[in-house]
Amino acid sequence: MRIVEAASLTETVKRLCIEANRNLPPDAQECIRNFRRKETWPAAQDVLDKIIRNFELAGEKQVPICQDTGMACVFVELGSDVHIDGDINAAINEGVRQGYQEGFLRKSVVRDPLNRVNTGDNTPAMITLDMVSGDRVSITVAPKGFGSENMSRIKMLRPSDGVEGVIDFVVSAVEEAGPNPCPPIVVGVGIGGTFDKVALIAKKALLRPLGTGNANPYYADLERTLLEKINALGLGPQGFGGYTTALSVAIETLPTHIAGLPCAVNINCHVCRHAREIR
Ligand code: SF4
């Protein structure tokens, strides 16, 4: 059994909070540049040029890519041969606290959803802990802005709605969102499971490197179909028209009940941030 001090995770989370907010992952940068090369609408070209310059400047000057530095979503995969010595939740939250303070990242979290007093340090993190095999700990920090989070949708479709129902729901969610999630967007889609799990897999889908299709050819094909239909909407970057409404669609699935077809859409803006460390 490998022992990892919980306190040592604090430094990792702190570093990942700062890294994710300043440096757009290379796959996202490449994907945006590829769409810029294909885009033909002048207003869309102009917006994409500004988006590219923005993430380049953020990387060069080591400043946040966006003023909304997000709620810290932290995904932990904990190997079953690892013992965490201490309180893992407290260690992660301390890392978020330090990262948002030392990285001069905006504090965007309120303690109570109705009384709305800012916690002042961007805690608590939204922590998802999964047990996996092995002796490693994987930590991913994915700061989530709420311009896009607010546009996410969930629906308990009927089994008879089938794949056409899924397509209609996903494309409608993007169309209703319009310019609010700061397109071009990344669309995470969860299909199956239960009400709670379908939302989680839609969010996890956003962590997949852009341009990497689902391992199942059927769902990889559905991802391409959805991307084509979404980009045929003509919303374009920041809603000014054009082809580039979405950069990618990623689908994750789970087995589900014979009587249901849960579907969730978790939208991310073009600032598709996340940073990972495996220890
Ligand atoms: S949706 Fe994204 S780009 Fe728009 S304000 Fe929020 S974090 Fe920034």
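Start by selecting Gly 95, which you'll find in helix α4. Keep in mind as you go that this is a predicted model. Gly 95 is buried, with a relative accessible area of 0%. Show its surroundings and, setting aside residues up to four places away in sequence, you'll see it touching Thr 10, Val 13 and Lys 14. For a sense of scale, draw a C-alpha to C-alpha distance from Gly 95 to Val 198: they sit 103 residues apart in sequence and 28 Å apart in space.

**Helix α1**

Next, select residues 6–22, which make up helix α1. How does the span of α1 compare with what 1.5 Å a residue predicts? The 17 residues should cover 24 Å, and the end C-alpha atoms are 25 Å apart, which agrees.

Now colour α1 by accessibility. Of its 17 residues, 12 are buried, so the helix is largely enclosed by the rest of the structure. Those buried residues include Ala 6, Leu 9, Thr 12, Leu 16 and Ile 18. Thr 10, Val 13 and Lys 14 are also among the buried residues of α1, and they are the three that Gly 95 touches.

What do the buried residues of α1 pack against? Light up β1 (2–5), α3 (42–61), β3 (82–85), α4 (88–102), β5 (137–144) and β10 (275–278), and you have the set.

**Two nonpolar cores**

Move on to Val 170 and Val 187. They have the most contacts inside the largest nonpolar core, a group of 26 residues. To see where this core comes from, select α6 (162–177), β7 (185–193), α8 (217–231), β8 (246–256) and β9 (261–268), each of which supplies at least two residues. The biggest contributor is α6, with 8 residues. Zoom in on Val 170 and, leaving aside neighbours within four places in sequence, you'll find it in contact with Val 187, Val 189, Leu 226, Ile 230, Cys 263 and Val 265. Apart from this core lies another, of 24 residues, with Ala 6, Cys 17, Val 82 and Ala 275 among them. Both Ala 6 and Cys 17 should look familiar, as they are buried residues of α1. As a general backdrop, nonpolar side chains tend to be buried together in soluble globular proteins.

While you're in this part of the model, select Asn 231, in helix α8. Is Asn 231 buried or exposed? At 3% relative accessibility, it counts as buried. Beyond its neighbours within four places in sequence, Asn 231 is in contact with Phe 35, Gly 242, Tyr 243, Thr 244, Thr 245 and Ala 246.

**The loop between α4 and β4**

Jump to Asn 122, in the loop between α4 and β4. Its phi is positive, about 65°, although Asn 122 is not a glycine. Asn 122 also counts as buried, at 0% relative accessibility. Step along to the peptide bond from Thr 123 to Pro 124: this one is cis, with omega near 0°. Pro 124 is in the loop between α4 and β4 (126–132) too.

**The loop between α6 and β7**

Now go to Cys 182, in the loop between α6 and β7. Here is another positive phi in a residue other than glycine, near 60°. Cys 182 is partly exposed, with a relative accessible area of 32%. Then look at Pro 183 and Pro 184, which are joined by a cis peptide bond with omega about 15°. Pro 184 has its place in the loop between α6 and β7.

**Around the ligand**

Select the ligand and show what surrounds it. Cys 182 turns up again here, together with Pro 181. The other residues around the ligand are Cys 66, Gln 67, Asp 68, Gly 145, Gly 147, Ser 148, Cys 269, His 270, Val 271 and Arg 273. By residue type, this shell divides into 5 nonpolar, 5 polar and 2 charged.

**Last stop: the cysteines**

With several cysteines on screen, how many disulfides are there? The count comes to 0. Finish on Cys 272, which is in no disulfide: the nearest cysteine sulfur, that of Cys 269, is 7.7 Å away. Cys 272 is buried, with a relative accessible area of 2%, whereas Cys 182, as you saw, is partly exposed.

Key. Residues are numbered from 1 along each chain as its sequence is written. This is a predicted model: local features need pLDDT of at least 70, side-chain atom pairs count only at pLDDT 80 or more; totals for chains, interfaces and linings use all residues. Side-chain values use heavy atoms; hydrogens and water are left out. A residue is near a molecule or strand if one of its heavy atoms lies within 4 Å of it. Ala, Val, Leu, Ile, Met, Phe, Trp, Tyr, Cys and Pro count as nonpolar, Asp, Glu, Lys and Arg as charged, and the others, Gly among them, as polar. Helices (H or I, at least four residues) and strands (E, at least two) are DSSP runs, numbered from the N terminus. The expected span of a helix is 1.5 Å times one less than its number of residues. Buried means under 20% relative accessible area, exposed over 50%, partly exposed in between (1.4 Å probe, protein chains only). Contact means heavy atoms within 4.5 Å. A nonpolar core is a set of buried Ala, Val, Leu, Ile, Met, Phe, Trp, Tyr and Cys residues joined through side-chain atoms within 4.5 Å. A disulfide is a pair of cysteine sulfur atoms within 2.5 Å.
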